[in-house]
Amino acid sequence: MYELRLHLFAQNKPSSFHCYHNSTTRHKKLRNLITETKMFKKFSSEEVSAQNQVKASVQRKIRQSIAEEYPGLEPVMDDILPKKSPLIVAKCQNHLNLVIVNNVPLFFSVRDGPYMPTLRLLHQYPDIMKKLQVDRGAIRFVLAGANIMCPGLTSPGGALDEEVEAESPVAIIAEGKQHALAIGFTKMSAKDIKAINKGIGIDNLHYLNDGLWKMEKFD
């Protein structure tokens, strides 16, 4: 059974990006937009088509959106996104946007989807996102960019937060590891992952040592 589960991980490839908003139409647009795209596997600054310093009103909207998505960041929001520091939005291929402050990428989003922290920022504030845990056997697959299969979350060593709903941004942690190894979007709720226990549970969007991770500074 364990070998079968590993085989399922190996067969899996990153697929679509799912929006966290409630609009069904918006979900479909994002699924069609990013289907079969490995967003950050070989990501580099060459994929940036434009970058703009946003005006104060836009900056306030971005800060508000991030604060609503991650209430735990509220006390340190001024440290992460200082009001007096220029906030740059870099537009990349596949309608991917990066939020950059002082040349450091801090958040990313796709089209009008939610802002998600980079792993480097998440490691500084590890409790801002809900977490789902994979077993040890899944680690190397996740670090290769594979999506997370349900059996890797439900087997001994895995762990589910049953409050997590479908199409939610989550931190993916691993058995025996301190820091998150990836950030993803759930394709189904944690309760359904447990009940169905097959197929893809989480789309893997950003993982350790991918292109975004390696971009410590934006030139």
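How many disulfides does the chain contain? The count comes to zero disulfides, in a predicted model whose chain averages a pLDDT of 83. The secondary structure comprises nine helices and ten strands, and two open sheets of five strands are described below, one with antiparallel pairing and the other with mixed pairing. Of the 219 residues in the chain, 52% are buried.

**Confidence of the model**

- A pLDDT of at least 70 is reached by 82% of the residues.
- Among the elements of the chain, strand E6 (residues 131–134) has the highest mean pLDDT, at 97, whereas helix H1 (residues 2–11) has the lowest, at 38.
- Over residues 1–37 the pLDDT is below 50. This stretch nevertheless has 94 contacts in the model beyond near neighbours in sequence.
- Where pLDDT is low, the predicted coordinates should not be read in detail.

**Contacts across the chain**

- Among contacts with a separation of 6 or more, 63% are between residues 24 or more positions apart.

**Cysteines**

- Cys92 counts as buried, because its relative accessibility is 7% and the cut-off for a buried residue is under 20%.
- Cys150 is likewise buried, with a relative accessible area of 0%.
- A disulfide is a covalent bond between the sulfur atoms of two cysteines. With the cut-off set at sulfur atoms within 2.5 Å, the count for this model is zero.

**The antiparallel sheet, E1 to E5**

- The strand order of this open sheet is E1-E2-E3-E4-E5.
- Strand E1 (48–53) and strand E5 (116–117) each have a single partner strand, so one side of each is left without a neighbour in the sheet.
- Strands of a sheet pair through backbone hydrogen bonds, either parallel or antiparallel.
- Strand E2 (residues 87–92) is joined to E3 by five bridges in the antiparallel sense, and Lys91 has Asn97 in E3 as its bridge partner.
- Three residues lie between E2 and E3 in their hairpin. Asn94, in the turn, has a positive phi of about 60 degrees.
- Six bridges pair strand E3 (residues 96–101) with strand E4 (residues 104–110), again antiparallel.
- Two of the residue partnerships between E3 and E4 are Val99 with Phe107 and Val101 with Val104.
- The hairpin of E3 and E4 has two residues between the strands. In this turn, Asn102 has a positive phi of about 55 degrees.

**Burial of strand E3**

- In a regular strand the side chains alternate between the two faces of the sheet.
- One side of E3 carries Leu96, Leu98 and Ile100, and the other carries Asn97, Val99 and Val101. Both faces are covered, and six of the six residues of the strand are buried.

**The mixed sheet, E6 to E10**

- The strand order of this open sheet is E6-E8-E9-E10-E7.
- At its edges stand E6 and strand E7 (148–149), each of which pairs on one side only.
- E6 runs parallel to strand E8 (residues 169–174), to which four bridges join it. Within this pairing, the bridge partner of Val134 is Ala174 in E8.

**Ala182 in strand E9**

- Ala182 belongs to strand E9 (residues 182–186).
- Is Ala182 buried or exposed? Ala182 is buried, because its relative accessible area is 0% and the cut-off is under 20%.
- Apart from residues up to four places away in sequence, Ala182 touches Leu119, Val142, Val170, Ala171, Ile172, Asn204, His206 and Tyr207.
- One of these residues, Ala171, is eleven residues from Ala182 along the chain, and the C-alpha atoms of the two are separated by 6.2 Å.

**The largest pocket**

- The largest pocket has a volume of about 270 Å³.
- Its lining consists of 17 residues, of which Ile62, Asn97, Ser109, Arg111 and Tyr115 are the closest to the centre.
- Helix H3 (56–69), E2 and E3 each supply at least two lining residues, and H3 gives the most, with four.
- Asn97 therefore appears in several of these descriptions: Asn97 is buried in E3, is the bridge partner of Lys91 and lines the largest pocket.

Definitions and conventions:
Residues numbered from 1 in each chain as written. Predicted model: local features only at pLDDT ≥ 70, side-chain atom pairs only at ≥ 80, totals over all residues. Heavy atoms only, no water. pLDDT = per-residue confidence, 0-100. Contact = heavy atoms within 4.5 Å. Pairing = 2+ DSSP bridges. Buried < 20%, exposed > 50% of the residue type's maximum accessible area, 1.4 Å probe, protein only. 1 Å grid on protein atoms, 1.4 Å probe; cavity = no way out; pocket = protein on both sides within 12 Å on 5 of 7 lines; lining within 4 Å. Points joined across faces, edges and corners; volume = space filled by probe spheres on them.
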